[in-house]
Amino acid sequence: MAATTIKPTRSDRIFDVWNYALLTIFFIIVLYPLVYVASASFSNPDAVISGQMWLLPVQPTLDGYRAVFSYESIVQGYLNSVFYVVAGTVVNVFMTILAGYALSRRDLYGRNMFMFLFVFTTLFSGGLIPTYLVVDDVGLLNTRWALIVPTALAVYNVIITRTFFQVTIPHELLEAAQIDGSDDFTFLRRVVLPLSGPIIAVNVLFYAIGHWNQFFSALIYLTNESLFPLQLVLREILVQNSVDPSQMSDATELLRRQHLRDLLKYSLIVVASLPPLMLYPFVQKYFVKGLIVGSLKG
Amino acid sequence: MTVSPRPAQASDTAAAASARAGSRRTTSAGRQIRRGWQLYVLLLLPMLYLVVFQYWPMYGVQIAFRDYNVVNGILGSEWVGLKHFQRFLDSYLFWPIIRNTIVLSTYQLVAGFPLPILLALALNYVGGAWFRRTVQTVTYAPYFISTVVIVGMLFMLLDPRNGMINLLLSQIGLGPLDFMGNPAYFKHVYVWSGVWQTLGFGAVIYLAALTSIDPTLHEAAIVDGATKLQRMRHIDLPGIAPVAIILLILSLGSMLTLGFEKVLLMQNPLNLQTAEVIDTYVYKVGLASAVPQFSYAAAIGLFRSVVGLILLVAANQVARRSTETSLW
């Protein structure tokens with residue numbers, strides 16, 4: 001606040017103490033489990049289980065990570081997930097820009113009707129079973145495309161993208177381009193796209209993290225294990241607690257010992273959460289901005 | 001859907017747009033369409049997607065009123081009216097499922113709604129940029145962890161024998177608690193792990209709303225000798241109230257939806273009596289069972305969607321009458 005010249009009153013100083021205390025408590029409660037898991041992934045599992053490890057790794061080891069990277073279905077799932085993220089995000093961003101731009105144009109005849117058709121799907125949907133039957137009908141069941149095409153576009157992203165175009169691309173720019181003989185395709189490609197860096201970044205982040213974390217679509221649409229994304233493999237190991245030693249070529253010996261199972265899980269959590277957290281620096285810059293554009297000015 | 005934090009309040013901009021469009025109706029519709037044909041080409045693929053994957057399922061929802069079987073198709077299957085709805089209402093699972101759904105979603109709302117506001121208000125009065133940024137970054141991080149990993153962490157950290165939380169609890173003599181096995185604990189674990197994960201994310205929107213409050217209000221209040229607590233109460237809270245109301249309406253509308261994936265992952269035979277909710281039951285009846293009952297599951301799902309829509313409209317009405325802030 002601007003008023004640093006005014007001497008803080010007694011009640012303001014008490015307020016500050018409570019405020020910092022409260023924030024510190026929030027901070028520790030959120031951070032501690034994350035630190036614990038990260039440290040446990042590098043520690044001797046016996047020390048973790050017996051409660052000797054509380055903050056920093058005890059008897060550091062990389063065995064957990066070795067086990068993770070030699071576990072066949074994890075590696076396969078990781079590669080599959082990378083494919084779903086890349087292909088899915090490309091489709092998503094392409095579709096979102098198309099829809100977002102067209103809907104941002106004031107001179108689009110029937111714009112309100114189109115907007116309504118988009119927004120209505122956020123209020124009401126056919127639901128799980130009818131959607132599943134459609135995916136089955138169009139022949140996507142048990143193919144890679146089942147994780148990409150049925151979620152090709154999120155209406156929320158279309159709305160923030162449309163808002164972005166409305167705010168940043170003035171109508172005069174279009175009129176000027178039209179006088180120069182430019183049509184809508186050329187205008188979108190030559191003028192709009194070069195100005196859309198921030199909104200493309202927001203979309204990539206929203207969609208990529210969504211694809212990486214997605215598990216339910218895979219659960220219902222896929223039965224072929226070679227197509228499974230990482231999240232389904234994680235579910236097997238972390239939630240259903242089934243670790244299959246035959247999946248690991250050279251670490252079978254390790255897994256025979258029950259405690260190393262837990263080590264594998266801690267390491268797996270770190271490995272699986274790393275990609276979204278690596279996007280985190282961008283998050284501060286774009287994700288938050290996108291969220292704000294969409295929700296406050298929407 | 002992929003990440004969809006909150007559908008924005010698009011309808012009021014649509015209304016504003018229609019007002020603008022009204023003044024431009026000098027050109028005839030036909031000419032406008034012909035001049036802008038390329039825009040319709042751009043909309044072609046997105047509309048195709050909407051029709052196939054959003055509106056076709058809405059058409060298909062009529063299987064809730066039929067005895068659907070794959071061979072006869074939707075229209076060929078016999079019309080049975082409300083039979084499947086009746087069956088759900090008469091089912092011995094109806095009340096337990098409804099009760100679990102309402103208990104979980106109400107608890108989630110009550111615990112999850114105020115805390116992000118509190119965090120945002122507190123962060124707003126932190127002088128040091130470094131401390132503020134650190135707290136914000138850390139509390140925001142769990143939002144990016146996948147549901148599967150979160151539930152995996154819950155199973156590990158809450159393990160009765162060697163989970164971190166239980167090791168802590170035994171240290172202070174509260175003994176190990178079987179969090180995942182005891183049906184009485186399910187709602188607490190579900191709700192508080194959700195608060196843990198989304199606290200920072202939820203605060204972001206309120207922080208943005210706080211920055212848009214006119215700073216002269218604060219300056220005037222300081223000159224008048226208002227304490228920070230008074231400024232928080234009389235300037236900040238009213239300032240973010242519209243945003244809070246919008247978010248509250250939206251969360252009321254999605255009350256019955258819950259974090260369905262998370263509930264499903266947290267379920268086990270021991271806690272199922274308090275953990276079965278409408279959506280997980282639809283999944284089990286319709287897709288996971290050996291004999292999938294598409295029509296029955298679709299009916300339960302439709303029941304949920306309709307109740308959700310009614311809740312959303314009702315919440316919106318109440319908000320519009322009492323606070324003049326609403327979605328539409």
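What follows describes how the domains, chains and helices of this predicted model pack against one another. Residues are numbered from 1 along each chain as its sequence is written, and chains are lettered from A and ligands numbered from 1 in the order in which they are written. Because the model is predicted, local features need pLDDT of at least 70 and side-chain atom pairs count only at pLDDT 80 or more, while totals for chains, interfaces and linings use all residues.

Chain A splits into domain 1 (12-61) and domain 2 (72-296), with bounds from an automatic or database domain assignment. The centres of the two domains of chain A, taken over C-alpha atoms, are 32 Å apart. Their contact involves 8 residues from domain 1 and 8 residues from domain 2; two residues are in contact if their C-beta atoms, placed from the backbone, lie within 7 Å. On the domain 1 side, α1 (10-40) and α2 (45-49) of chain A each supply at least two residues. Helices here are DSSP runs of H or I with at least four residues, and are numbered from the N terminus. α2(A) gives the most to this side, with 4 residues. By class, the domain 1 side has 6 nonpolar, 1 polar and 1 charged residues. Nonpolar covers Ala, Val, Leu, Ile, Met, Phe, Trp, Tyr, Cys and Pro, charged covers Asp, Glu, Lys and Arg, and the others, Gly among them, are polar.

The contact between the chains takes 94 residues from chain A and 91 residues from chain B. On the chain A side, the largest share, 14 residues, comes from α1(A). The side of chain A that touches chain B divides into 64 nonpolar, 21 polar and 9 charged residues.

One helix pair across the chains is α1(A) with α7 (residues 114-124) of chain B, whose axes lie 10 Å apart at an angle of about 130°. Axes are lines fitted to C-alpha atoms, for helices over the stretch in contact, and angles run from 0 to 180 degrees between N-to-C directions. The angle makes α1(A) oblique to α7(B), since angles under 35 degrees count as roughly parallel, over 145 as roughly antiparallel, 65 to 115 as roughly perpendicular and the rest as oblique. The crossing of α1(A) and α7(B) is left-handed, a term for a near helix turned anticlockwise from the far one by less than a right angle, with clockwise being right-handed. N19(A), L22(A), L23(A) and F26(A) meet L119(B), A122(B) and L123(B). An α-helix has 3.6 residues a turn, so residues three or four places apart point the same way.

A further pair across the chains is α5 (residues 111-123) of chain A and α3 (residues 37-60) of chain B, with axes 11 Å apart and an angle of about 40°. α5(A) and α3(B) are therefore oblique to each other, and their crossing is left-handed. F114(A), L117(A), F118(A) and T121(A) meet L43(B), L50(B) and Q54(B). This contact has 5 nonpolar, 2 polar and no charged residues.

Within chain B, the axes of α6 (residues 94-112) and α11 (residues 186-211) come within 10 Å and cross at roughly 40°, in a right-handed crossing. The contact of α6(B) with α11(B) includes V103(B) and Y107(B) from α6(B), and Y190(B) and W192(B) from α11(B).
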